[in-house]
Protein chains: 2
Amino acid sequence: MARTRASSPSLDPMDGLAFLLSQVGAHAAARFAERLVPLELAPPHAGILKVIKRADGLSQQALGEKLGVFPSRLVALLDDLEKRGLVERRDSPTDRRSYALYLTDAGRDALEKLDRTAREHQDALCAALDESERAQLADYLARIAAQQQLTPGVHPGFRKLDRPEGRRGGSPGPC
Amino acid sequence: MARTRASSPSLDPMDGLAFLLSQVGAHAAARFAERLVPLELAPPHAGILKVIKRADGLSQQALGEKLGVFPSRLVALLDDLEKRGLVERRDSPTDRRSYALYLTDAGRDALEKLDRTAREHQDALCAALDESERAQLADYLARIAAQQQLTPGVHPGFRKLDRPEGRRGGSPGPC
DNA sequence: TATTGTTATACTCTATAACTATA
DNA sequence: TATAGTTATAGAGTATAACAATA
């Protein structure tokens with residue numbers, strides 16, 4: 001067999017770039033989840049807190065759509081956060097069926113701790129790269145994410161297809 | 001608040017590099033699993049076929065250790081592959097408790113199809129990058145993987161800790 | 001009749017424990 | 001007594017379906 005094409009960095013496609021992405025990505029996710037344990041949070045909680053902070057007063061419906069999480073699953077996740085006093089379910093002033101979600105002061109504190117944790121995590125994870133290499137890596141990944149139509153800030157989890165709901169509004173928007 | 005440190009490519013740590021790695025990695029894994037469906041294989045099967053190819057005749061014990069998969073889980077995965085005629089469990093000549101695992105001809109065919117699929121997957125995934133950028137990205141990821149002590153070719157899945165068994169032999173080795 | 005949030009249920013994936021047959 | 005493979009069981013995590021209150 002002639003060596004096809006230019007120097008591919010590795011020979012076996014299963015040890016290739018796609019595998020590396022998946023391997024390092026899974027590692028990153030697992031280590032992040034680990035760091036969240038002392039905060040008594042799981043990764044989905046983190047995403048929820050972040051979205052509520054940016055869109056105070058939104059409904060569970062809206063939250064679930066933004067994160068690609070099923071309504072029934074949101075109930076349990078929000079129960080956790082409410083029980084711990086990080087999130088409040090206030091009655092919506094306009095629609096008595098729905099709630100308006102708000103961060104409490106404790107919720108804002110938790111979000112700050114969470115941001116610190118995420119920063120530490122990222123530093124530890126990328127210890128092998130210097131500052132400019134990290135920027136270059138982030139650029140590559142952002143370009144892949146954009147080309148693959150991943151919604152910024154939304155983790156695919158393990159959905160079969162990203163974006164289970166048909167609609168994905170035109171603007172990549174704030175979140 | 002003064003802007004601390006140099007230009008970080010993104011402001012919010014949850015939209016940072018670590019998140020991108022996890023997001024793109026999960027996407028890569030999901031799309032790969034999708035491409036495996038027509039082959040009637042799941043990602044763990046792929047890893048198993050690959051290891052058996054490289055280490056013909058090894059035991060389930062050895063296989064499980066190499067992949068970080070529990071023995072009980074291997075049973076079902078190997079049952080799948082054996083039922084489909086891709087893998088053979090031969091009696092070990094030296095120890096009647098254990099099997100020696102071998103790829104069948106059909107198994108080798110499947111592995112080839114799998115390699116093609118992986119190549120197509122990688123091409124589609126990295127469409128946003130040209131050849132030299134892909135090489136650069138692979139280098140970054142390989143360096144992170146090495147620094148984080150990930151075993152080459154072994155997917156962390158979602159284990160709490162990588163490397164559940166204590167021993168990890170000195171050499172990063174063939175697989 | 002449609003929608004919001006809820007509950008109950010089921011399914012997938014993975015880990016733990018107990019068992020058997022060898023060693 | 002310890003080990004290889006197996007079986008049975010249980011636990012996450014997530015999706016589906018049916019339901020009550022409201023629109």
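In this predicted model, 17 residues surround DNA strand C. The closest of them are A:Gln61, A:Arg97, B:Ser72, B:Arg73 and B:Arg96. Both protein chains appear in that list. Of the atoms of DNA strand C that come within 4 Å of the protein, sugar and phosphate account for 76%.

**Around DNA strand C**

Start with the individual polar contacts. A:Gln61 uses a polar backbone atom, which is 2.6 Å from a phosphate oxygen of DNA strand C. B:Arg96 also places a polar backbone atom by a phosphate oxygen of this strand, at 2.8 Å. A:Arg97 reaches a base instead. A polar atom of the A:Arg97 side chain lies 2.7 Å from a base oxygen of DNA strand C.

Next, the elements that build this surface. Those giving two or more residues are helix 3 (60-67) and helix 4 (71-83) of chain A, together with helix 4 (71-83) of chain B. Helix 4 of chain A gives the largest share, three residues. What classes of residue make up the surface near DNA strand C? Seven are charged, six are polar and four are nonpolar.

**Around DNA strand D**

Now turn to DNA strand D. Here 17 residues surround the strand, and the closest are A:Ser72, A:Arg73, A:Arg96, B:Gln61 and B:Arg97. Sugar or phosphate holds 76% of the atoms of DNA strand D within 4 Å of the protein, and bases hold the rest.

Three residues of chain B show how the phosphates are met. B:Gln61 has a backbone N or O atom 2.4 Å from a phosphate oxygen of DNA strand D. B:Arg89 uses its side chain, with an N or O atom 3.1 Å from a phosphate oxygen. B:Tyr99 has a polar backbone atom 3.3 Å from a phosphate oxygen of the strand.

Which elements each supply at least two residues of the surface near DNA strand D? They are helix 4 of chain A, plus helix 3 (60-67) and helix 4 of chain B. The largest share, three residues, comes from helix 4 of chain B. By class, this surface has seven charged, six polar and four nonpolar residues.

**How the helices pack**

Two packed helices are described by the angle between their axes and the distance between the axes. The table gives both for three pairs.

| Helix pair | Angle | Axis distance |
|---|---|---|
| Helix 1 of chain A and helix 1 of chain B | roughly 125° | within 7 Å |
| Helix 5 of chain A and helix 1 of chain B | about 75° | 8 Å |
| Helix 3 of chain A and helix 4 of chain A | roughly 105° | within 10 Å |

Take the two copies of helix 1. Their axes cross at roughly 125°, so helix 1 of chain A and helix 1 of chain B are oblique to each other. The crossing is left-handed. From chain A, the contact uses A:Ala18, A:Leu21, A:Ser22, A:Val24, A:Gly25, A:Ala28 and A:Ala29. From chain B come B:Ala18, B:Leu21, B:Ser22, B:Val24, B:Gly25, B:Ala28 and B:Ala29. Ten of the contact residues are nonpolar, four are polar and none is charged.

Helix 1 of chain B has another partner in chain A. This is helix 5 (residues 105-125), packed at an angle of about 75°. That angle makes the two helices roughly perpendicular. Helix 5 of chain A brings A:His121, A:Gln122 and A:Leu125. They meet B:Leu17, B:Ala18 and B:Leu21 of helix 1 of chain B. The contact residues are four nonpolar, two polar and no charged. B:Ala18 and B:Leu21 take part here and also in the contact with helix 1 of chain A.

The third pair lies within chain A. Helix 3 and helix 4 cross at roughly 105°, so helix 3 is roughly perpendicular to helix 4. A:Gln60, A:Leu63 and A:Gly64 of helix 3 make the contact with A:Leu74, A:Val75 and A:Leu78 of helix 4. Four of these residues are nonpolar, two are polar and none is charged. Both helices also give two or more residues to the surface near DNA strand C.

Note on methods
Residues numbered from 1 in each chain as written. Chains lettered and ligands numbered in written order. Predicted model: local features only at pLDDT ≥ 70, side-chain atom pairs only at ≥ 80, totals over all residues. Heavy atoms only, no water. Axes fitted to C-alpha atoms, helices over the stretch in contact; angles between N-to-C directions. Helix = DSSP H or I, 4+ residues; strand = E, 2+ residues; numbered from the N terminus. Parallel < 35°, antiparallel > 145°, perpendicular 65-115°, else oblique. Contact = heavy atoms within 4.5 Å. Nonpolar A, V, L, I, M, F, W, Y, C, P; charged D, E, K, R; others polar. Near = heavy atom within 4 Å. Polar contact = N/O pair within 3.5 Å; in protein donor to acceptor, adjacent residues only side chain to side chain. Left-handed = near helix turned anticlockwise from the far one by under 90°.
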